[in-house]
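Here is a friendly walk through one protein model, written for someone who thinks at the bench. Have the structure open while you read.

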Amino acid sequence: FAKFKDLSERKSVVTDKDIEAIVEPMGSTVTQIFELQNFVINSGSMIPCTSTIIMKKGDQEIIKVAAGSGPVDASFKAIDKITGIDVSLEDFALQSVTEGEDALGDASVKIRYNGRVFIGKGVSTDRVESSIRAYVNAINKVAAVAEK
């Protein structure tokens, strides 16, 4: 409901496709070992792109900064610093779920860990946020396996 409320505050009209995109990731239950709290991106043509990611693991808040070739790359690197989990990015895709300037972006990532592939999904009107959420979703799947 919180995601729906947030979306309805950002968009003038919430469509069925918007609602489907919000609830689709809920179809697979993933233990949230790492929880995204916030992020800040600095990007431009004359400065290196950096991302500051704030995540929680249990009661501990962890903040890391990383530079990358773009906002998504920098964010993924910062998340890797936070988790300490060594994964390789196999695939990354981003597409619009709905139409218009306030369209939802649906991101999916494939990461490899110990020979296994894990897929993460994320949805937001902010394309970078949807990418970060997809990566965190995949990392949580890896973390659940790594803890066993």
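Helices (H or I, at least four residues) and strands (E, at least two) are DSSP runs, numbered from the N terminus. Ser130, for instance, lies in helix α4. Please keep in mind that this is a predicted model, in which local features need pLDDT of at least 70 and side-chain atom pairs count only at pLDDT 80 or more, while totals for chains, interfaces and linings use all residues. Residues are numbered from 1 along each chain as its sequence is written, and side-chain values use heavy atoms, with hydrogens and water left out.

## The overall picture

The protein has 4 helices and 6 strands. Read from the N terminus, the order is α-α-β-β-β-α-β-β-β-α. Of the 148 residues, 38% are buried, where buried means under 20% relative accessible area, exposed over 50%, and partly exposed in between (1.4 Å probe, protein chains only). The accessible surface comes to about 8500 Å², and carbon and sulfur atoms hold 49% of that surface. These areas come from the Shrake-Rupley method with a 1.4 Å probe; for residues, only the protein chains shown count as cover.

A contact means heavy atoms within 4.5 Å. Among contacts with a separation of 6 or more, 43% are between residues 24 or more positions apart.

## A hairpin and the serine in α4

Two strands pair if DSSP finds at least two bridges between them. Strand β5 (residues 105–113) and strand β6 (residues 116–124) run antiparallel and are joined by 9 bridges. Together β5 and β6 form a hairpin with 2 residues between them, and Asn114 in the turn has a positive phi of about 50°. Along the pairing, Ser108 stands opposite Lys121 in β6. In general, side chains in a regular strand alternate between the two faces of the sheet.

Now back to Ser130. Is this residue buried or exposed? Ser130 counts as buried, at 0% relative accessibility. Leaving aside residues up to four places away in sequence, Ser130 touches Leu94, Gly105, Ala107, Gly122, Val123 and Ser124.

## Three rings in a cluster

A pair of aromatic rings is described by the distance of the centres and the angle of the planes. Rings of Phe, Tyr and Trp (its six-membered ring) pair if their centres lie within 6.5 Å; planes under 30 degrees apart count as stacked, over 60 as edge-to-face and the rest as tilted. By this rule there are 2 aromatic pairs.

Phe76 and Phe92 form an edge-to-face pair, with 6.0 Å from centre to centre and 80° between the planes. This pair links distant parts of the chain: Phe76 is in helix α3 (residues 71–83) and Phe92 is in strand β4 (residues 88–96), 16 residues apart. Phe76 is buried at 5% relative accessibility, whereas Phe92 is partly exposed at 31%.

How do the rings of Phe76 and Tyr135 sit together? Their centres are 4.1 Å apart and their planes at 10°, so the pair is stacked. Here too distant parts of the chain are linked, as Phe76 in helix α3 and Tyr135 in helix α4 (residues 127–146) are 59 residues apart. Phe76 and Tyr135 are both buried. The ring pairs thus link Phe76, Phe92 and Tyr135 into a cluster.

Phe92 has a second role in this picture: with Leu89 and Leu94, Phe92 makes a nonpolar surface patch of about 240 Å². Patches are made of residues with over 30% relative accessible area and no salt bridge; like charges are joined within 9 Å, nonpolar side chains (Val, Leu, Ile, Met, Phe, Trp, Tyr) within 5 Å.

## Salt bridges

Side chains of opposite charge can pair when their charged atoms come close. A salt bridge is a side-chain nitrogen of Lys or Arg within 4 Å of a carboxyl oxygen of Asp or Glu. The whole structure holds 4 salt bridges, including those in this table.| Salt bridge | Closest N to O |
|---|---|
| Glu90 and Arg112 | 3.4 Å |
| Lys121 and Asp106 | 3.5 Å |
| Arg133 and Glu129 | 2.9 Å |

Glu90 in strand β4 and Arg112 in strand β5 are 22 residues apart. Glu90 is partly exposed at 40% relative accessible area, and Arg112 is partly exposed at 32%. Lys121 in strand β6 and Asp106 in strand β5 are 15 residues apart. Lys121 counts as partly exposed at 27%, but Asp106 is buried at 14%. Arg133 and Glu129 both lie in helix α4, 4 residues apart, about one turn of the helix. Arg133 is partly exposed at 33%, while Glu129 is buried at 13%.
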